[in-house]
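Thanks for passing this one along. Here are my notes, set out point by point so that you can follow them with the viewer open.

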Amino acid sequence: MSAISELSHIKVTKAKSPEERLARRKEATRDNKAGYLFLLPWLVGLVVITIGPMIASLYLSFTNYSLIQAPEWTGLANYARMLDDARLHHSLKVTFIYVFVSVPLQLILALGIALLLDKGMRGLALYRSIFYLPSMLGGSVAIALLWRQMFGTDGIVNQILRLFGLEATTGWISDPKYALGTIILLHIWTFGSPMVIFLAGLRQIPGMYYEAASVDGATRWVRFTQITLPLLSPIIFFNLVLQIIGAFQSFTQAFVVSNGTGGPSDSTLFYTLYLYQRGFGQFQMGYAAAMAWLLVVIVGVLTAINFFASKYWVFYDD
Amino acid sequence: MTLDSTRNLTYSLGKRFHNQWRKGNAMAVTRRQFLIGGGVAVAAMTTGLAACGSNSESGGSADGSADLQFAWWGNEVRNKNTDAAIAAYMKANPNVKISGQPGEFATYWDKLATQTAGNTAPDIIQMDMAYIAEYGSRGALLDLGEGGADVSKFAEGTVDSGKIDGKLVGLNAGINTPTILANPAVFEKAKMDLPDDTTWTWDQAKEVGAELTSKVGGGVFGMSSIFNDATLSAFLRQHGKELFVDKGLGFEAADVVPWFEMQVAYEKAKAIPSAAAVSEEANKPLDQSGLVTSKAGMAMFWSNQVEAVNAASGGEMAILRYPSIAGKATERKAWYKAGQLFSVSARTKNPDASVAFVNWLVNSPEAAAINLAERGIPANTEIAASIQSKLSPAQKSVAKFIADIKPELAETPIAPPPGGGTLAAVMTRYQTDVLFGRTSPADAATKFVDELKSNLTG
């Protein structure tokens with residue numbers, strides 16, 4: 001099942017004599033050239049669009065750069081300043097809450113719906129599309145705008161609550177107590193892409209395991225925890241890593257819902273939003289670049305922890 | 001598993017390809033052809049890029065011909081007017097070519113900052129008071145005084161707002177002044193008269209608001225929150241302070257404690273809506289705002305927004321003076337603000353042609369006849385008089401208001417220094433905290449001032 005183990009099988013075939021090895025190497029260089037040539041369009045993109053700007057931003061992170069004047073080298077000043085920046089610490093707190101609440105809930109919902117759809121009902125394709133739809137729309141400006149209307153003090157959510165006789169005057173996006181929760185809800189709602197991946201994973205679990213377990217009298221719950229979860233764990237892992245990285249980079253929802261302010265009262269001040277405010281609002285591109293690198297480190301460390309921890313719970317059925 | 005089968009498929013495809021590759025000549029020729037093709041493509045791309053480069057280099061020459069870029073933010077009316085003005089100018093000056101870059105306020109500044117960083121800033125830039133120091137003090141804007149701009153006919157108090165470090169880097173594109181707009185229909189519903197704005201104090205304004213709220217009912221409030229950077233400036237000026245003094249903040253924490261306390265009092269009296277509604281209102285576009293949708297009887301607006309408010313609401317708003325501490329309009333320390341300014345990039349290749357165009361925009365009857373008072377009442381008094389008869393009813397009442405308040409004008413506030421553009425956002429944040437009861441007015445005042453000070457130095 002695992003890609004890594006399969007790759008290691010390929011590697012072990014060795015050449016036997018020196019001549020054979022030489023021939024092999026020659027052939028390899030020739031193949032490599034062709035390979036790189038085919039890779040060229042992608043490589044050009046990588047260097048020009050990703051690596052180049054990354055190096056530039058690393059350089060800028062050590063400068064005072066207002067965008068208008070040439071950057072001026074200040075060494076580690078930007079990084080030192082981050083230690084005292086209370087809004088930066090607050091934005092980290094907001095982002096961590098957002099990631100660690102919304103990602104698990106979103107994955108649980110995605111898995112739940114995938115399990116329902118996996119029952120092989122009629123019109124599966126239709127349901128799958130319907131559930132997938134929010135994922136395609138969720139990151140868009142239009143949906144964030146719609147969300148803002150729906151959760152306003154006179155929005156449809158409060159109007160529905162009023163139908164039930166409740167005195168609903170809560171500003172779901174304008175009250176600092178609820179604003180982040182509303183954005184988390186928006187994120188959870190876009191569970192479609194992990195759901196589709198879960199569904200594909202569920203389809204690959206051989207039915208015979210379940211049959212055998214049923215014969216032995218295993219309950220549904222036992223079948224789920226002893227067969228489904230372990231066999232699905234590589235997929236869960238994959239979704240977890242991608243969703244965490246994606247959630248850290250969330251920007252659009254908070255930007256649109258709060259009009260770029262991170263408000264009310266900084267309750268939705270995502271890290272990326274604060275970075276944007278520093279860079280483009282306050283013309284501190286050097287500081288913003290340093291912030292971007294801090295984010296790279298944070299996401300990198302979390303991903304590394306994720307991979308390390310995966311040894312203990314991800315099961316590859318080889 | 002799908003993932004597995006995909007991988008196997010990829011692997012076997014790769015193997016087959018690999019074997020074919022090894023077969024020799026036939027494939028080798030294809031490869032060479034491919035290489036040549038690739039080389040040609042790369043060469044074409046490079047020349048293409050080079051071509052782009054040389055295009056953007058084009059510009060001025062000795063015969064006075066010029067190729068100019070003009071960027072502004074605005075609305076549909078402004079875009080149409082400005083395009084018409086550009087066309088009229090190009091017709092009169094056939095060797096000058098001007099391309100317009102209309103935009104939205106929110107994205108305009110990101111784009112301008114990026115363009116300036118990339119050395120591709122437009123030649124003529126519509127500028128805002130909040131940002132003029134960011135650009136002007138960093139040498140990104142041309143000294144228009146030296147460049148030959150003509151401000152000889154400008155009304156008093158309209159030239160200085162474009163000066164940064166003693167250099168004139170922006171020309172007033174239209175006079176603006178803060179106002180309180182009142183919806184007469186709401187007052188009628190409450191059977192109340194419009195307040196006397198020449199004598200009302202902040203306390204009386206609160207009472208008028210509270211009375212409206214209770215008399216109209218149905219979720220309508222006397223006023224939307226009138227507490228923003230403009231009214232804070234007015235409030236501080238009435239206390240003998242300013243938002244900003246040269247390179248620094250013009251007030252201390254103690255000066256804004258009563259400011260935050262006043263808002264709590266307004267909310268308690270139900271002159272303004274609840275904290276949640278206030279913070280929601282701040283993010284609403286004009287056409288959904290409380291005043292326009294008749295959910296509020298009064299609101300703070302700039303004078304150049306009156307026409308848009310009237311158009312959106314379908315009614316005609318009364319223009320009121322903001323309140324004062326003394327209850328005397330002459331002591332309310334009013335001022336003319338530049339609604340926008342016209343600036344020229346310091347790195348333009350055609351400084352003369354750019355300044356000439358800006359001069360034409362602000363000083364010629366032809367340009368004024370096209371733009372009218374959409375950007376605000378023209379600062380050039382002769383020009384303002386020349387378009388008087390062509391103005392819409394809303395613009396006429398604004399022009400009258402601006403002329404009426406002349407005796408109430410105090411010194412023009414200086415442009416916010418770099419970092420000062422953040423004031424409004426920082427203030428909104430702490431006001432929200434105070435209204436939601438998360439911070440006391442005293443704490444909010446201290447934090448507000450501390451954060452602003454650190455923004456100004458950073």
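**Notes on the two chains**

1. Let me start inside a sheet of chain B: B:Leu181 sits opposite B:Ala299, a residue of β12(B). The strand pair behind this is β8 (residues 178-182) of chain B with β12(B), an antiparallel pair joined by five bridges. Please keep in mind throughout that this is a predicted model.

2. Widening the view, the sheet is an open one of four strands, in the order β9-β12-β8-β13 (chain B), with mixed pairing. At its edges are β9 (221-223) and β13 (318-320) of chain B, each of which pairs on one side only. Ignoring direction, neighbouring strands here are turned against each other by 30 degrees on average. Helix α8 (residues 202-216) of chain B packs on this sheet and touches β9 and β12 of chain B. The direction of α8 makes about 155 degrees with that of β9(B).

3. Chain B has another open sheet, built from five strands in the order β2-β1-β3-β15-β6 (chain B), and here too the pairing is mixed. What leaves one side of β2 (96-103) and one side of β6 (171-172) of chain B without a neighbour in the sheet? Both stand at the edges and have a single partner strand each, so one side of each stays free of a neighbour in the sheet.

4. Within that five-stranded sheet, the pair to look at is β1 (residues 66-73) of chain B with β2(B), which run in the parallel sense over eight bridges. On this pair, B:Trp72 stands opposite B:Pro102, a residue of β2(B). Helix α3 (residues 76-92) of chain B packs on the sheet and touches both β1 and β2 of chain B. Its direction makes about 175 degrees with that of β2(B).

5. A long-range pair is worth a click. B:Ala353 belongs to helix α13 (residues 351-363) of chain B, and its C-alpha is 8.2 Å from that of B:Leu68, although 285 residues separate the two in sequence. Is B:Ala353 buried or exposed? The cut-off for a buried residue is 20 or more other C-beta atoms within 10 Å; B:Ala353 has 25 such neighbours, so it counts as buried.

6. For helix packing, try α12 (residues 306-313) and α16 (residues 393-404) of chain B: their axes come within 9 Å and cross at roughly 145 degrees. The crossing of α12(B) and α16(B) is right-handed. From α12(B) the contact draws on B:Val306, B:Glu307 and B:Asn310, and from α16(B) on B:Ala394, B:Gln395 and B:Val398. Sorted by class, this contact has three nonpolar, two polar and one charged residues.

7. Two backbone angles deserve a look. B:Asn119 is not a glycine, yet has a positive phi of about 65 degrees; this residue lies in the loop between α4 (105-117) and β3 (124-127) of chain B. With 9 other C-beta atoms within 10 Å, B:Asn119 is exposed. B:Ser294, also not a glycine, has a positive phi of about 60 degrees and lies in the loop between α11 (275-281) and β12 (296-302) of chain B. How exposed is B:Ser294, and what is its neighbour count? It is partly exposed, with 17 other C-beta atoms within 10 Å.

8. Turning to chain A, the secondary structure comes to 14 helices and two strands. The radius of gyration of chain A is 25 Å, while a compact globule of 318 residues would have one near 20 Å. Along the principal axes, the C-alpha atoms of chain A fill a box of roughly 75 × 65 × 35 Å. Of the 318 residues, 31% are buried. Among contacts in chain A with a separation of 6 or more, 69% are between residues 24 or more positions apart.

9. Finally, the interface. How many residues of each chain take part? There are 29 residues of chain A in contact with 32 residues of chain B. On the chain A side, the elements giving two or more residues are α2 (18-60) and α13 (271-281) of chain A. By class, that side has 11 nonpolar, 16 polar and two charged residues.

Technical notes
Residues are numbered from 1 along each chain as its sequence is written. Chains are lettered from A and ligands numbered from 1 in the order in which they are written. This is a predicted model: local features need pLDDT of at least 70, side-chain atom pairs count only at pLDDT 80 or more; totals for chains, interfaces and linings use all residues. Two residues are in contact if their C-beta atoms, placed from the backbone, lie within 7 Å. Ala, Val, Leu, Ile, Met, Phe, Trp, Tyr, Cys and Pro count as nonpolar, Asp, Glu, Lys and Arg as charged, and the others, Gly among them, as polar. Two strands pair if DSSP finds at least two bridges between them. Axes are lines fitted to C-alpha atoms, for helices over the stretch in contact, and angles run from 0 to 180 degrees between N-to-C directions. A residue is buried if 20 or more other C-beta atoms lie within 10 Å of its own, exposed if 12 or fewer, and partly exposed in between; C-beta atoms are placed from the backbone. The radius of gyration is taken over C-alpha atoms; the globule rule is 2.2 Å times the number of residues to the power 0.38. A crossing is left-handed if the near helix is turned anticlockwise from the far one by less than a right angle, and right-handed if clockwise.
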